[in-house]
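These are my notebook entries on a structure that is new to me. I begin with confidence and then turn to single residues in loops.

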Amino acid sequence: MRRKAVYPGTLIIVALALSSLFLLNPRPGTKAQTTTNCCGTNPPTAPREMVFPYYSLADGYNSTLMLVSSSPKPLNFIMAIHGLNGQTEISNSMSIQPGEKLAVGIGSLLTSLGVDVTGTFSQGSVSVYLE
């Protein structure tokens with residue numbers, strides 16, 4: 001009786017293995033994608049995101065974001081400041097030079113954007129987007 005139970009199970013495994021081979025092979029008439037660069041020698045890069053999960057300006061705290069560049073070129077970036085209730089404020093474009101250490105005060109940045117730092121944006125997170 002044990003032999004009958006093993007045979008159907010083995011047959012199912014073999015059938016699944018064979019069917020996966022058909023799924024992995026390219027279909028007739030399809031061409032493989034080439035790896036040539038479509039956009040010249042320097043294609044545009046996708047934006048990168050760095051997330052800083054928490055800042056607090058409540059109860060007299062200061063929050064400063066320290067950005068350090070090890071890039072050989074200047075980097076442009078923007079910051080998205082998210083309040084705890086889901087609202088987001090976007091900064092103007094900023095840049096950091098090669099080897100520069102840039103301290104960004106979250107409170108002063110929000111104040112320059114005209115945001116209430118004692119209410120909605122007294123606590124939250126920061127995302128930095130750069131290329």
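**Entry 1: confidence.** I first recorded that pLDDT is the predictor's confidence in each residue, from 0 to 100. The model is a predicted one. I looked up the protein chain and found an average pLDDT of 78, with 65% of the residues scoring at least 70. I then noted that pLDDT is below 50 over residues 14–27, a stretch with 0 contacts in the model beyond near neighbours in sequence. Residues 30–40 also stay under 50, and for them the model has 2 contacts beyond four places in sequence. I keep in mind that where pLDDT is low, the predicted coordinates should not be read in detail.

**Entry 2: Asp59.** I located Asp59 in the loop that joins strand S1 (48–56) to strand S2 (64–68). What is the sign of its phi? I found a positive value, near 55°, in a residue other than glycine. As a general matter, most residues other than glycine have a negative phi. I also asked whether Asp59 is buried or exposed. Its relative accessible area is 77%, and the cut-off for exposed is over 50%, so Asp59 is exposed.

**Entry 3: Ser71.** I moved on to the loop between S2 and strand S3 (75–83), where Ser71 is found. Its relative accessibility is 18%; because buried means under 20%, Ser71 counts as buried. I found that its side chain reaches the backbone oxygen of Lys73 at 3.0 Å. Leaving aside neighbours within four places in sequence, I listed Pro98 and Gly99 as contacts of Ser71.

**Entry 4: Ser91.** I placed Ser91 in the loop between strand S4 (88–90) and strand S5 (94–96). With a relative accessibility of 6%, Ser91 counts as buried. Which residues does Ser91 touch, not counting those up to four places away in sequence? I found Ile78, Met79, Leu109 and Leu113. I also looked up Ala80: Ser91 and Ala80 are 11 residues apart in sequence, and their C-alpha atoms are 6.4 Å apart in space.

**Entry 5: Ser122.** I ended with the loop between helix H2 (106–112) and strand S7 (123–130), which holds Ser122. Ser122 counts as buried, at 12% relative accessibility. A polar atom of its side chain lies 3.1 Å from the backbone oxygen of Gly119. Beyond residues up to four places away in sequence, I recorded that Ser122 touches Tyr55, Ser56, Leu57, Ala58 and Val117.

Technical notes
Residues are numbered from 1 along each chain as its sequence is written. This is a predicted model: local features need pLDDT of at least 70, side-chain atom pairs count only at pLDDT 80 or more; totals for chains, interfaces and linings use all residues. Side-chain values use heavy atoms; hydrogens and water are left out. Helices (H or I, at least four residues) and strands (E, at least two) are DSSP runs, numbered from the N terminus. Buried means under 20% relative accessible area, exposed over 50%, partly exposed in between (1.4 Å probe, protein chains only). A polar contact is a pair of N or O atoms within 3.5 Å; within protein, one must be able to donate a hydrogen and the other to accept it, and residues adjacent in sequence count only if both atoms are side-chain atoms. Contact means heavy atoms within 4.5 Å.
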